[in-house]
Structures are given as structure tokens and as C-alpha cells.
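Hi there,

Here is the structure I promised to pass on. Please have a look at it first, and then read my notes below.

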Amino acid sequence: MLETQDLTIRFGGHAAVNGVTCAFQPGTLTSIVGPNGAGKTTYFNLISGQLPATAGKVRLNGHDITGYGAPHRARLGLGRAFQLTNLFPNLTTLENVRLAVQVKSGKGLDLFSRASTHRELTDRAREHLAAVSLTDRADTVAATLPHGDQRKLEVAILLALEPDIFMFDEPTAGMSIDEVPTVLAIIAAIKKRGDKTILLVEHKMDVVRSLSDRIVVLHQGKLVADGNPNEIINSDIVREAYLGGAAHA
Ligand SMILES: Nc1ncnc2c1ncn2[C@@H]1O[C@H](COP(=O)(O)OP(=O)(O)OP(=O)(O)O)[C@@H](O)[C@H]1O
């Protein structure tokens with residue numbers, strides 16, 4: 001189980017995340033919503049280790065991981081989809097996913113590894129590409145992919161890493177309307193497995209409504225509501241004060 005306790009970060013005098021205590025159970029999808037600047041991405045950064053907490057704790061399966069850097073947390077099973085600019089933009093789509101498969105398999109980059117092992121890794125990478133409908137783009141250099149395809153590649157890489165906790169920060173942002181269902185279907189499929197913890201930051205309330213078991217609302221860095229989707233989306237205080245018109249989408 002992933003937990004944050006009184007998690008806080010201050011930039012100068014401003015608390016972007018302010019005393020957030022929350023636990024996320026395996027087998028559940030929790031959406032984190034709130035207006036622009038509420039602290040959602042910063043909360044993600046504190047959980048994944050991109051930012052150091054000013055105060056409070058992050059715990060994973062009872063262990064305090066607050067002092068751990070992002071790579072250490074990733075090795076413990078925290079998985080976050082990263083923008084491709086942080087990965088290997090000059091490699092092809094397939095090569096990027098194959099590297100992730102290789103990292104997960106622990107086989108490293110051994111030049112003398114057997115050809116059959118190499119083939120296995122490539123086959124697995126191709127399966128992940130097929131899952132996100134990117135088979136046709138396997139040989140395209142990642143940096144030259146259209147934006148929507150880059151987002152799908154990020155998801156394929158995350159799938160290849162097989163984390164226990166999946167963190168998606170606006171996974172459909174910038175996608176054309178016909179691309180969105182592919183990514184939503186993948187998230188739904190991960191959820192269906194029943195053993196993964198999924199955290200989703202998403203502005204599209206129809207997406208949030210359809211996928212979430214639970215919604216947490218942040219406002220000015222604080223957790224202001226936490227409950228099942230119907231309760232939260234229909235609550236007046238959340239609709240009017242925190243989600244505005246977006247709640248009607
Ligand atoms: N590195 C930083 N330095 C200073 N202030 C920061 C930094 N990162 C975030 N902030 C501030 O923290 C607050 C929360 O930002 P954050 O990006 O987490 O909000 P958000 O809820 O993800 O917003 P959006 O929905 O627009 O993505 C904002 O006021 C932002 O300006």
C-alpha cells in the first residue's frame with residue numbers, strides 16, 4: 001500500500017502541497033482532481049521522488065521511502081509515465097520499449113546475450129506496442145512521433161516496466177479524440193487485473209467518472225474531499241468551488 005502522511009512541500013513561503021494524508025490500496029484506481037495550480041502534479045512529484053518533501057512522509061508497504069530518490073522508488077515498484085524527452089528520443093519506438101523490457105528482465109545490455117533472448121525481448125516489446133496501437137510506428141524515431149503517439153509510447157514503456165503502482169498524469173492530454181479510447185482501454189485493463197494501484201491526474205471529468213473507484217480533490221495544496229465518484233462529482237462544494245464547469249463535462 002502507498003501512503004502519504006502530512007506530505008508537504010514549500011516553494012519559498014508557498015505550500016504547493018500542504019499536509020496531505022492519503023492511502024492508496026492495491027486494486028483501486030484513484031483520480032486526483034482539482035483546479036489548475038491545486039498541487040496535483042507536485043503531489044505526484046513528491047510520491048515518485050522528483051521533488052523532496054519539506055515535511056511529512058511517503059510510505060510504501062509500510063517502509064518509509066521519503067528519503068529515497070526517484071530511481072530507487074522506481075525499483076521498488078513505483079511507475080510513472082514520463083515525457084519522452086526524459087527517455088531516448090533518438091531511438092525508435094520499438095527500441096525504447098525493448099530497453100524498458102530489458103531493464104525489467106534484469107538482462108541489462110549484454111552484447112553477448114543469446115539471439116533467442118534478444119528475440120524474446122523484442123517480441124515482448126512488440127506486444128506492448130500492439131497494446132497501445134503503435135505497431136505501425138515501431139521503426140519510427142521516437143522524437144519524430146506525433147504528440148499523441150508519444151504519449152502512447154510513454155504508456156507502452158510503463159507497461160513494459162510492470163510497476164505495482166501506475167501513476168498517470170493527464171495521459172490523454174494533447175491526443176486527438178479518436179486516440180483517447182486506446183489509452184483509456186489500457187488503463188481499464190490494468191485496473192481489471194485487480195492487483196495494481198493506479199493514480200490518475202486528469203481534467204476530463206467524463207474520463208474520471210468512468211474509470212475511478214475513488215476521487216481525491218486537492219485545492220490550494222490541501223486535500224479537501226475524498227470519496228466515491230458519485231459522491232464527489234455531485235457534491236455542491238466540489239462542483240462549484242473546485243471543479244467549476246468541468247464537472248458537467
Ligand atoms: N518547482 C516549482 N517552483 C515553484 N513553484 C512551483 C514549482 N512547482 C510547482 N509550483 C507551484 O505549485 C503550485 C501547484 O502546481 P502544480 O503544477 O502541482 O498544480 P496542478 O494541480 O498540477 O495544476 P495543473 O492542473 O495546471 O497541472 C502552483 O502554484 C505552481 O506554480
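Below is what I found, going from the whole chain to the sheet, the ligand and two loop residues.

Please keep in mind that this is a predicted model. The chain contains nine helices and 10 strands. Of its 249 residues, 39% are buried. Among contacts with a separation of 6 or more, 66% are between residues 24 or more positions apart.

The sheet is a good place to start. It is open and has six strands, in the order β6-β7-β8-β3-β9-β10, with mixed pairing. The edges are taken by β6 (78–80) and β10 (222–227); each has a single partner strand, so one side of each lacks a neighbour in the sheet. On average, neighbouring strands are turned by 20° against each other, ignoring direction.

Within the sheet, β7 (residues 165–169) and β8 (residues 197–201) run parallel and are joined by five bridges. If you would like one pair to look at, Met167 has Leu199 in β8 as its bridge partner. Helix α6 (residues 180–192) packs on this sheet, where it touches β3, β7 and β8, and its direction makes about 150° with that of β8. Another helix, α1 (residues 40–48), lies across β3 (29–33), β6, β7, β8 and β9 (214–219), and runs at about 150° to β7.

Helix α1 also comes up at the ligand: with three residues, α1 gives the most to the shell around it. The residues around the ligand are Phe11, Ala16, Gly34, Asn36, Gly37, Ala38, Gly39, Lys40, Thr41 and Thr42. Sorted by class, this shell has three nonpolar, six polar and one charged residues.

Finally, two backbone details that you may want to check by eye. Ser133 is not a glycine, yet it has a positive phi of about 60°. You will find Ser133 in the loop between α4 (115–131) and α5 (147–161). Is Ser133 buried, exposed or partly exposed? Ser133 counts as partly exposed, because it has 17 C-beta neighbours inside 10 Å. Glu162 is the other one: it is not a glycine either, and its phi is positive, at about 45°. Glu162 sits in the loop between α5 and β7. With 14 C-beta neighbours inside 10 Å, Glu162 counts as partly exposed too.

Happy to go through any of this with you whenever it suits.

Best wishes

Methods: Residues are numbered from 1 along each chain as its sequence is written. This is a predicted model: local features need pLDDT of at least 70, side-chain atom pairs count only at pLDDT 80 or more; totals for chains, interfaces and linings use all residues. Two strands pair if DSSP finds at least two bridges between them. Helices (H or I, at least four residues) and strands (E, at least two) are DSSP runs, numbered from the N terminus. Axes are lines fitted to C-alpha atoms, for helices over the stretch in contact, and angles run from 0 to 180 degrees between N-to-C directions. Two residues are in contact if their C-beta atoms, placed from the backbone, lie within 7 Å. A residue is near a molecule or strand if its C-beta atom, placed from the backbone, lies within 6 Å of it. Ala, Val, Leu, Ile, Met, Phe, Trp, Tyr, Cys and Pro count as nonpolar, Asp, Glu, Lys and Arg as charged, and the others, Gly among them, as polar. A residue is buried if 20 or more other C-beta atoms lie within 10 Å of its own, exposed if 12 or fewer, and partly exposed in between; C-beta atoms are placed from the backbone.
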